[in-house]
Amino acid sequence: MTAPRIFTAAEITTRIGVADLLQPLRRAMIAVSQGHALHPPRLAVPVNPDGRMGVMYGALSDPPVHGAKILSLYPGAPAMGLSSHQGYVLLFDSTDGRPLAIFDADGLTAMRTATVTMLATQALARPDPGVMTICGAGEQAEWHLRACLACFPNAHLRLWARDPAKARALRAEFAADADRIELVEDLAAALSGADVIHTVTSARTPFLPGALLEPGQHVNLVGASLADSREVDDAAVARLRMFTDSRESASREAGEILGAQEAGVVDQDYPVTELGAILAGDAGGRRSRDEITAYKSHGLIVQDLATAAAILAM
C-alpha cells in the first residue's frame with residue numbers, strides 16, 4: 001500500500017485559497033440537499049474535564065471519496081496558543097478504498113468554514129454588500145476576514161470583538177488591507193448599517209440581541225456549533241428567515257433555534273431551508289430587500305472531504 005500524503009496547515013494554505021474552494025463546496029452542499037452525500041451525526045465523548053474527542057465521518061460521490069475527521073476538542077487550548085480543535089482529516093478513494101492523504105484539520109476546517117459562509121452570503125445577502133461586520137477575533141474571524149477580502153472586493157469591513165485588544169491585534173495582521181478594515185468597539189455601532197454580519201465567536205450565551213438587527217441584513221451564525229451554545233437571542237431568531245447547511249444537524253445542534261423553540265418564541269415547525277437547495281435552484285432564497293436572512297453553520301464532514309480532495313488535486 002502506498003503511504004498517504006501528509007499536508008500540514010502551512011501547506012494547505014499555500015496550496016489552495018478560498019476562491020479555489022467555492023465550486024467544490026458548492027457541489028458538496030448541493031449533494032447534501034439532494035441526498036447524494038453521507039454525513040451521519042458527529043460523535044463527541046469526554047476525555048477529561050478539560051476536553052472531548054470528536055469524530056465525523058462520511059462520503060461524497062463526486063468526487064468519489066470518503067473519510068473521517070478526528071479531533072481533540074479543548075476550549076481552553078487557545079489560551080496556550082493552540083487551536084480549540086486539533087486533529088486530522090483522513091481522505092480515502094471510494095473506488096478502491098485506498099487511503100489518499102492526511103490533512104491538518106485545523107487549517108482545513110477554518111478555510112472550508114469561511115468558504116461556505118461566502119457561498120451563503122452570495123446566495124442570501126442583498127447584491128453587492130457594501131458593509132460587512134465580523135464579530136469575533138479568533139481563528140474563524142481571521143479566515144472570514146481573508147474570505148471577505150477575496151470574495152467581496154468592494155465591501156468595507158468592520159471588526160468587533162468582546163475583547164477590543166484582540167480585535168486590534170487581528171487587524172494588525174492585515175496591514176496591507178488596513179484601509180478596508182475598521183475597528184468598532186461598540187456592538188450597536190458595528191451592526192448599524194451593515195449589509196452582512198458574521199458571528200464567529202466562542203460565545204456560549206447570546207451576545208447579539210435581535211433588537212439590533214435591521215431590515216435587509218444577512219447574518220451568518222458560525223461560532224456556536226452545539227445545542228447548548230448560542231450567539232443570538234430568541235428575539236433575533238423570531239425575526240430571521242433561517243437557512244442552514246443541514247436541516248438534520250440543525251434539528252439536533254442549532255442552539256439558537258432550539259432555545260427559541262423551548263422558550264415558545266418560535267413554533268416547533270420553525271422553517272429552516274438548506275443552503276444546497278438554494279444553490280441548486282430547488283428552493284427560494286431572499287424574498288425581498290427588507291427580509292432579514294440568516295445562515296446557520298454547523299460544519300459537515302462532506303465539506304472537509306470536498307476541501308481535502310480539492311487540495312490533493314491542485
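Trainee: How much space lies in the largest cavity?

Mentor: Happy to start there. In this predicted model, the largest cavity encloses about 70 Å³ of space. A cavity here is a place where a 1.4 Å probe fits but cannot get out.

Trainee: How many cavities of 30 Å³ or more does the structure hold?

Mentor: The count is 1.

Trainee: Which residues line the largest cavity?

Mentor: Try picking them out in the viewer. From the earlier part of the chain, look for His39, Pro40, Pro41, Arg42, Met56 and Tyr57. Then add Ser249, Arg252, Gly299, Leu300 and Ile301. Two elements, β4 (51-61) and α8, each give two or more residues to this lining. Sorted by class, the lining has 6 nonpolar, 3 polar and 2 charged residues.

Trainee: What about pockets? How much space lies in the second largest pocket?

Mentor: A pocket, unlike a cavity, is an open set of points. The second largest pocket holds about 180 Å³.

Trainee: Which elements supply at least two residues each to its lining?

Mentor: Those are α8 (247-253) and α9 (255-262). The residues around this pocket include Arg247, Ala250 and Ser251, along with Ile257, Leu258 and Gln261. Gln268, Asp269, Tyr270, Pro271 and Val272 also belong to the lining. By class, the second largest pocket is lined by 6 nonpolar, 3 polar and 2 charged residues. Notice that α8 turns up again: it also contributes to the lining of the largest cavity.

Trainee: Now helices. How should I describe two that pack together?

Mentor: Two packed helices are described by the angle between their axes and the distance between those axes. Take α2 (residues 18-33) and α11 (residues 301-313) as the case here: their angle is about 145°, and their axes lie 9 Å apart. The crossing of α2 past α11 is right-handed.

Trainee: Which residues make the contact between α2 and α11?

Mentor: On the α2 side you will find Leu21, Pro24, Leu25, Ala28, Met29 and Val32. Facing them from α11 are Val302, Gln303, Ala306, Thr307 and Ala310. In this contact, 9 residues are nonpolar, 2 are polar and none is charged.

Trainee: Let's zoom out. How many helices and strands does the protein have?

Mentor: There are 11 helices and 15 strands.

Trainee: And why is the protein called as compact as a globular protein of that length?

Mentor: Its radius of gyration is 19 Å, close to the 20 Å that the globule rule gives for 314 residues, so the protein is as compact as a globular protein of that length. Along the principal axes, its C-alpha atoms fill a box of roughly 60 × 45 × 40 Å.

Notes:
Residues are numbered from 1 along each chain as its sequence is written. This is a predicted model: local features need pLDDT of at least 70, side-chain atom pairs count only at pLDDT 80 or more; totals for chains, interfaces and linings use all residues. Side-chain values use heavy atoms; hydrogens and water are left out. Axes are lines fitted to C-alpha atoms, for helices over the stretch in contact, and angles run from 0 to 180 degrees between N-to-C directions. Helices (H or I, at least four residues) and strands (E, at least two) are DSSP runs, numbered from the N terminus. A crossing is left-handed if the near helix is turned anticlockwise from the far one by less than a right angle, and right-handed if clockwise. Contact means heavy atoms within 4.5 Å. Ala, Val, Leu, Ile, Met, Phe, Trp, Tyr, Cys and Pro count as nonpolar, Asp, Glu, Lys and Arg as charged, and the others, Gly among them, as polar. On a 1 Å grid over the protein atoms alone, a cavity is a set of points where a 1.4 Å probe fits but cannot get out, and a pocket is an open set with protein on both sides within 12 Å along at least five of seven lines; lining residues have an atom within 4 Å of a point. Grid points are joined across faces, edges and corners, and a volume is the space filled by probe spheres set on the points. The radius of gyration is taken over C-alpha atoms; the globule rule is 2.2 Å times the number of residues to the power 0.38.
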